[in-house]
Each structure stands twice: as C-alpha cells, then as structure tokens.
Amino acid sequence: MNMEHLLYDYLVASGMTDVTAKYINLVSLLLLLLILAVLIDLITSKVIIKLFTQFSDKTKTKFDDLLVKNRVPQNVAHIIPLLLILEVIPKIFIDFPKLENIIEKGLKVFAIVLTLWIARSLLRAFKDYFKTLPRLNDKPIDSYIQVFMIFAWSLGILSAFAIITGIEFIEFITTIGAASAIIILVFKDTILGFVASIQVSINDMVRIGDWITFEKYGADGDVIEINLSTVKVQNFDKTITTIPTYALISDSFKNWRGMEESAGRRIKRALNIKLDSIKHLSNEEVEQLKEIQLITSYLNARQSDIITYNNENNINKELLLNGRNLTNIGVFRKYMETYIENHSGTNKEMMIMVRQLAPTAHGIPIEMYAFSSDKRWQNYEYIMADIFDHLIASVPYFNLKIFELPSNSSFTDLNKAHGSDNE
C-alpha cells in the first residue's frame, strides 16, 4: 500500500467511486502538505533568525546586523519548505499528471521569484553597509544596485517564460534573438531609455532631488522622478516638464548639484568700461582717490613703489606716459576686489577674483568671480544685486564710464546740440 494512496484505498474500500476517492485523496494530501510546509517554514525561520541574531550580537561588524534588518535570513528560510513541496508534489499528483505539470511549473516560477527576493534583500544589506564606509560616500551605490536588479529581473522573467512555455532556456534566448529586429523597432524608445538609465545611474549624472536646467525642453527645477522612459522635473513655477531619459545623454543640460553641495553659489558678472574713459592717473588724482578708505593703504604702498622706481631710473615724468604709473581702471579693479572681499554676503574661503577680459566692441569687461555664502535663490540674487548696485554707482568716482548702446534719447539730445550750434 502506497502512502500517497493511503486515503484513496480506504475510501474505495468503503464503497466510494474511484474518481471521487482520487479527488478527496488529493485535497487531503494537499491540506496536509500545506500545514506541514507552514509549520516547517515557521520553525525554520525562527531557528535561522535566532542563530543569525546571536551570531550578529557577538561580531563587531555591522554587516550581519544589516542582513537581519533586511530580512535575508527570513527569506532564505523559505527555501527549505519550497524544496519539500517540490519533492512531494509528484507523489501527491500521481493520479493527475497534467495538473502536476502545471503546479510544478508554478513552483519553479515561484522559486525564481524567491531567488530574486533573496538577491534584493541581500543587495539592500550591501547598500546599507557600503553607505557606512566613508570612502564610498560619494559613490552612487543605489544606482549600481538598481542596474544589477534590472538585469536580475530580466534574467528571471526570461527564465520564467522558458519554464512556462516548456522551451529550453538556450532555445528561448535564441528565439528572442531572432526576433530582436522587431523588438528593437517596436520598443525603440524603451530600449533607448533603458540604456540611458543605465548610463545615468553608473555615471551618477542625475539623482532624485537634483536641480537641473534643460533649456531645450524648458525645464528648470527639481527632478522628482526617473524611470526608463522619462524624467519628470518640477519647475519652480510648480509646472511639470517631462524629458525623455535618453535626452540626458544625447543633449546638454545643467545639473546644479555641485553648487548645492558646495559652500557657496557662484557670482560671475562683468561691467563693460568705455575704452575712451581709461587713462593714467596724475599724483593729484591719486591723492584724491586716497580718500576712498578701502584702497587708501593700497594706493600709499603702490605710489611709494612707483615713485622709488621712477627716481632710481631717472624717469622723465613731465610726460605722464613715461615710467610706471597707476591707471584708473587698475585702481578700480583693485577697489572691486577689496570691496567683494569685505562684503558680508561672499564666502571668504572660496575663490574671489576680479579680472580684465579681452576688449570688445562694447568696451573692456571687468569681471567679478566670487561665491555667495547663501545659496538660496532669493538671497543669492539679493547679494549679487547689492554688490553690483554699489559697483555701478562707484564707477564715476574713478573717472570711468560704463558702456551702453545709444538710445533714441541719445540721438535726440545730439540733434538738439547740433541745432543749437547751427543757430
């Protein structure tokens, strides 16, 4: 007498029909197997979790604690009852071969899913552990794990399809390869997005929460979602802009993450000075400029050095061009630099520079390069405006003029002047 037919033989002997006895025998054995599997799963889970917990309490590393936190032992414990069910199922369904085949395929698919669950929980434990290591703080661990899980799920889905269809895995992959041309044509955007998302993740180009500016798509705001096909940006006016994921690697955009993570926000702006207002300074003009307190000490030191040099080299100063001289634009450049260094809104630990750029048809640009200590947009704009309000108003004190294109009123005034001359 077989164990799998124990109840069946008893029911048939009691006068029950053959078909009814088979079904009752099947249901009874399934209930018994289910109860046994649940009990084994509970016992195994408790034993493995207890052993893991005891082991983790005795070790100094945090990795085993993270394994417990991410339910790795609990997921591993499900393997034992699954193996038991796979072993017993052929005996329970001995009278139902077609149903046995369906159940076995379902259990094998579940085994693939369970493997992926274990892999995901294990990778999460690795992710949490890597984030505790200082040397990996700046590495996109989340992105690497996401890419790995994409490949793992893809492999798992292909394996599940191969099991369900009954085709050998190698043959299944070969068939998909033959149909790849059609797949690429139909899923072109998805494939492009998939490849782009991998590159974006590996190169850590964009993260959720990054402020990006993408002029081509009119996006200027925070990234709120990244998926295979699109990147969603919430602009500062609360509108949502959707960008194709592959555009992040095919087009140019700005990511302001570096600015937000740095100690300041860059201020880079120039004043265009009219070329015909630039000149050498006489001693009298230098004395007048010494009244500007920010550059008094600078002018004293520079004038002393210049006079010493000119005297030692017998320079004829009847002509101002001879020898060494101060210029109004050079003194103004020094004033800009000193003013910015003393401004309360600039970060003194980051670069502060005032430089002269190449002359253009619009004059000679004197560019300020510094960083505001406050990175918030509204405050940053206030600091930058406050600095340039002062600098623009300071230009006339150095007998300089800011270049601006003539307006209609300029030509009107010129015509009036010519008209009065003709009279």
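A residue is called exposed when its relative accessible area is over 50%, and buried when that area is under 20%. These cut-offs apply in the views below, which show a predicted model.

**View 1. Leu51 on helix α2 is an exposed residue**. Leu51 belongs to helix α2, which covers residues 18–58. The relative accessible area of Leu51 is 52%. The cut-off for exposed is over 50%, so Leu51 counts as exposed. Leu51 is also part of a nonpolar surface patch. Its partners there are Ile35, Leu39, Ile43 and Val47. Together the patch residues have about 480 Å² of accessible area.

**View 2. Five strands build an open sheet**. The order is β4-β3-β2-β1-β5. Pairing in the sheet is antiparallel. Strands β4 (240–244) and β5 stand at the edges. Each has a single partner strand, so one side of each lacks a neighbour in the sheet. Strands of a sheet pair through backbone hydrogen bonds.

**View 3. Strand β1 has buried side chains pointing both ways**. This strand spans residues 211–214. Trp211 and Thr213 point one way. Ile212 and Phe214 point the other way. In a regular strand, side chains alternate between the two faces of the sheet. Here, Trp211, Ile212, Thr213 and Phe214 are all buried.

**View 4. A hairpin links β1 and β2**. Strand β2 covers residues 219–226. It runs antiparallel to β1, and 4 bridges join the two. Phe214 has Ala219 of β2 as its bridge partner. Between the strands lie 4 residues. In this hairpin, Gly218 takes a positive phi near 70°.

**View 5. Strand β1 also pairs with β5**. Strand β5 consists of residues 254–255. The two strands run antiparallel and are joined by 2 bridges. Thr213 stands opposite Lys254 of β5. Thr213 is buried and points the same way from β1 as Trp211.

**View 6. Strand β2 meets β3**. Strand β3 spans residues 230–235. Here 5 bridges join the antiparallel pair. Gly221 stands opposite Asn235 in β3.

**View 7. The whole chain sets the context for the close-ups**. The chain contains 17 helices and 8 strands. Of its 423 residues, 32% are buried. Contacts between residues at least 6 apart in sequence were also sorted by separation: 62% of them join residues at least 24 apart. The accessible surface comes to about 26,400 Å². Carbon and sulfur atoms account for 60% of that surface.

Definitions and conventions: Residues numbered from 1 in each chain as written. Predicted model: local features only at pLDDT ≥ 70, side-chain atom pairs only at ≥ 80, totals over all residues. Heavy atoms only, no water. Buried < 20%, exposed > 50% of the residue type's maximum accessible area, 1.4 Å probe, protein only. Pairing = 2+ DSSP bridges. Patch = residues over 30% accessible without salt bridge, like charges linked within 9 Å, V, L, I, M, F, W, Y side chains within 5 Å. Areas by Shrake-Rupley, 256 points an atom, 1.4 Å probe, with all protein chains shown as cover. Salt bridge = Lys/Arg side-chain N within 4 Å of Asp/Glu carboxyl O. Contact = heavy atoms within 4.5 Å.
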